Amino acid sequence: MKILKLRKDRLDFFASVVQQFGEVHAPVEVDGGYAFRRLSRWSEARLNYPRTILPPKKYFLPQRETLFRFVPEKGYVPSAEGLDTRIILFGMHACDIYSLNILDMVFGGAYPDPYYQARRKHIVIIGIDCIPDKHCFCRSMRADFVDHGFDLFFYDIGDYYLTMVGTALGDDMVLATGPLFEQPAEADVDEYKRRSSNKRAAFQLEVEIRDLPEIFEMEYQSGIWDELGEKCLSCGSCSMVCPTCYCYDVADSADLGTRDGARMRIWDSCLFSTHALVAGGENFRHSRASRIKFRFYHKQRGFVAEYGRPSCVGCGRCVAACPVKIDIVEVLERLRGVQHAVSH
Amino acid sequence: MPSAIEAPVTDAVWSANPYQPHAARIVRIYNMVENNHLFTLRFVDEDIGLSFRHRPGQFAMLSIPGTGEAPISISSSPSRPGVLELCVRRAGRVTNALYRMKTNDLVGLRGPYGNGFPVTEIEGHDLLLAAGGLGMAPLRSLLWYALDNRDRFGRVTLMYGARTPADMLFREELVSLVDRTDMNCLLTVDTDPGSVWKNHVGLLPGLFDHAEIDASRTFAAVCGPPVVYKFILRKLLDLGFRKDRILMSLERRMKCGVGKCGHCSIGYKYTCLNGPIFTYWDAINLPEMI
């Protein structure tokens, strides 16, 4: 991989140059948290942020998306609304980039989803490294580093960003800045390594995931699920803020006064009581306990069987968002039967 | 502007869109059982009709413009191409809207989806079909596939039970199979209020007394309400069936049909991709399956 470095005080200039490649979106402060938004000025960007409230999946799988317009004489006509918008997501963390690599598996496969694919191809990703806070367990989920899925990735090495160039487009952005980027020296790589091991030591949470699928099978009848079912409000917040939750509902709506309409897809959650409802009223996950169990089971066991890894990147958003403080790390530790422990 | 982001990627939205419903005309509506009509559909575009090649046990996504989309199992056999027959239970918004439509009206259709029955694996073996109530709808495709390719299968047995004769799907058609010598068609009803029923009266498992089944060379396909699974599965295991030779067709509310939306997920399988046909061995290993 092509590796360069950029002086930190030249980042503003770099940001002004990349504007020619698309709309620049970055984390900004909103309501006491952070959200990816379109910047009106570069100074709004907050690259030193813990996590955004919603993950960047909102750009790739919007909360509401029109799949088709319906016109009586033409039938269902695909909508390409918004698919061509060139957006630059500036400042994505490794776990969030990793989550897109996971979603790529779901929205690829034998039936590639053309809406997701189009957005994925049009959205430029510039990653930046981060220091874990009290909710982060990305290292346990093997998502604290990401080796692909970005155009550029910046590692903070003091006065410089060590810059990984992931794609030809990333290289074009580098070249468009003229001689802004420099070749890194051996000392820069050493500084990277030093900070990498500091980051490793900064994790306050650790979960062992290796045999979690087996433990989920063994603990399927565990009383933990009923306990969680009592606590859970089925609000679905954890799904909405999860960067790897992708369940959606599909609904047609008719325009008033005409026979036209649209087919939309809307974020859904397996915690909602209608998720496993079938025709005639049969519900395969009627109880809240069965639904919260399903969410954990699908992420840590089902998805592993299907795609080879959990559909969790350890971003900590579900823990931060849960109104009744259901904590995935705690649940996994209880299932495993170990006390909270940190080992470096 | 670099060329890397100039590629016309949105073309796929038109050319390779797995969610694209295709117009199909209702050519016949047959009032088979109350609230379980048989809809015969033909694609408006002949090429799309020809390229729609399903396997017995697969399903299609049916769209009613402005109302929505629902998964429906295909009841016709691929050995009888040209039209698709969907046995649709009137149960929700989409199916209610379909029941308001008339012959010649247009609906949307896409598919086929799901794994279907492993017909090439079944070929060369005996086949036992056991259905209760509405469970005949997904098995009927396999039945006709076997009868239309009779030489590829050993003994073919159908055991089908409904509450009363009026509740029996495909009644006339199935009654006409009773006299066939190349298969054993066993039909039963729980009760016969009209006293006109000339076949068996009694519960479905009782039909095993009239069937000759050699578990070592037979695949069983089972579909019905939970009570059917409860008794039939027990019986099949007692007869010595291997758990992976008992095939079941499951119902889930797919929203996409192609393994994305998450609605039909059971344990670690998607009903739409890995099913809707599962073996009994799968069922034991997947929680909440039936």
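Which residues in H8(A) meet A:Arg288, A:Ala289, A:Ile292 and A:Lys293 in H10(A)? They are A:Trp225, A:Asp226, A:Leu228 and A:Gly229. Keep that contact in mind; we'll come back to it after a look at the two chains. One thing to know before going on: this is a predicted model.

## The two chains

Let's start with the overall build. The table puts the basic values for each chain side by side.

| Chain | Residues and radius of gyration | Helices and strands | Span along the principal axes | Buried residues |
|---|---|---|---|---|
| A | 344 residues, 22 Å | 12 helices, 11 strands | roughly 65 × 60 × 40 Å | 44% |
| B | 290 residues, 20 Å | 8 helices, 15 strands | about 75 × 40 × 35 Å | 51% |

How do those radii fit with a compact globule? For 344 residues the expected value is near 20 Å, and the 22 Å of chain A agrees with that. For 290 residues it is near 19 Å, and the 20 Å of chain B agrees as well.

Contacts also reach across the sequence. In chain A, 73% of the contacts between residues at least 6 apart join residues at least 24 apart. In chain B, residues 24 or more positions apart make up 69% of the contacts with a separation of 6 or more.

## Helices in chain A

Back to the pair from the opening. Helix H8 (residues 224-231) and helix H10 (residues 288-307) of chain A pack with their axes 7 Å apart, at an angle of about 110 degrees. That angle makes H8(A) roughly perpendicular to H10(A). Sorted by class, their contact has 4 nonpolar, 1 polar and 3 charged residues.

Another helix worth finding is H4 (residues 114-122) of chain A. Here 7 of the 9 residues are buried, so the helix is largely enclosed by the rest of the structure. The buried ones are A:Pro114, A:Tyr115, A:Tyr116, A:Gln117, A:Ala118, A:Arg119 and A:His122.

## Two sheets in chain B

Now for chain B and its strands. One open sheet has 6 strands in the order E4-E3-E6-E1-E2-E5, with antiparallel pairing. Strands E4 (68-73) and E5 (84-89) of chain B stand at the edges; each has a single partner strand, so one side of each is left without a neighbour in the sheet. From one strand to the next, the twist averages 40 degrees.

At the E4 end, strand E3 (residues 59-64) of chain B pairs with E4(B) in the antiparallel sense over 6 bridges. To find this pairing by eye, look for B:Phe59, which stands opposite B:Ser73 in E4(B).

A further open sheet of chain B has 7 strands, ordered E10-E9-E8-E7-E11-E12-E15, and its pairing is mixed. Its edges are strand E10 (200-201) and E15 of chain B, each with a single partner strand, so one side of each has no neighbour in the sheet. Within this sheet, strand E11 (residues 218-223) and strand E12 (residues 246-249) of chain B pair in the parallel sense over 3 bridges. There, B:Ala220 stands opposite B:Ile246 in E12(B).

Helices pack against these strands too. Helix H5 (residues 136-148) of chain B packs on the sheet, touching strand E7 (126-132), strand E8 (156-162), E11 and E12 of chain B, and its direction makes about 155 degrees with that of E7(B). Helix H7 (residues 226-239) of chain B lies across E7, E11 and E12 of chain B, running at about 170 degrees to E11(B).

## A closer look at B:Pro276

In the loop between strand E14 (269-270) and strand E15 (277-279) of chain B sits B:Pro276. Is B:Pro276 buried or exposed? B:Pro276 has 26 C-beta neighbours inside 10 Å, so it counts as buried. Leaving out residues up to four places away in sequence, B:Pro276 touches B:Gly57, B:Phe59, B:Gly114, B:Ser249, B:Leu250 and B:Thr271. One of these, B:Phe59, is the residue that stands opposite B:Ser73 in E4(B).

## Where the chains meet

Finally, the contact between the chains: 43 residues of chain B are in contact with 46 residues of chain A. On the chain B side, the elements that give two or more residues are helix H1 (11-15) and E4 of chain B. H1(B) gives the most, with 3 residues. By class, the residues on this side of chain B divide into 20 nonpolar, 15 polar and 8 charged.

Technical notes:
Residues numbered from 1 in each chain as written. Chains lettered and ligands numbered in written order. Predicted model: local features only at pLDDT ≥ 70, side-chain atom pairs only at ≥ 80, totals over all residues. Pairing = 2+ DSSP bridges. Helix = DSSP H or I, 4+ residues; strand = E, 2+ residues; numbered from the N terminus. Axes fitted to C-alpha atoms, helices over the stretch in contact; angles between N-to-C directions. Contact = placed C-beta atoms within 7 Å. Nonpolar A, V, L, I, M, F, W, Y, C, P; charged D, E, K, R; others polar. Parallel < 35°, antiparallel > 145°, perpendicular 65-115°, else oblique. Buried ≥ 20, exposed ≤ 12 C-beta atoms within 10 Å, placed from the backbone. Rg over C-alpha atoms; globule rule 2.2 N^0.38 Å.
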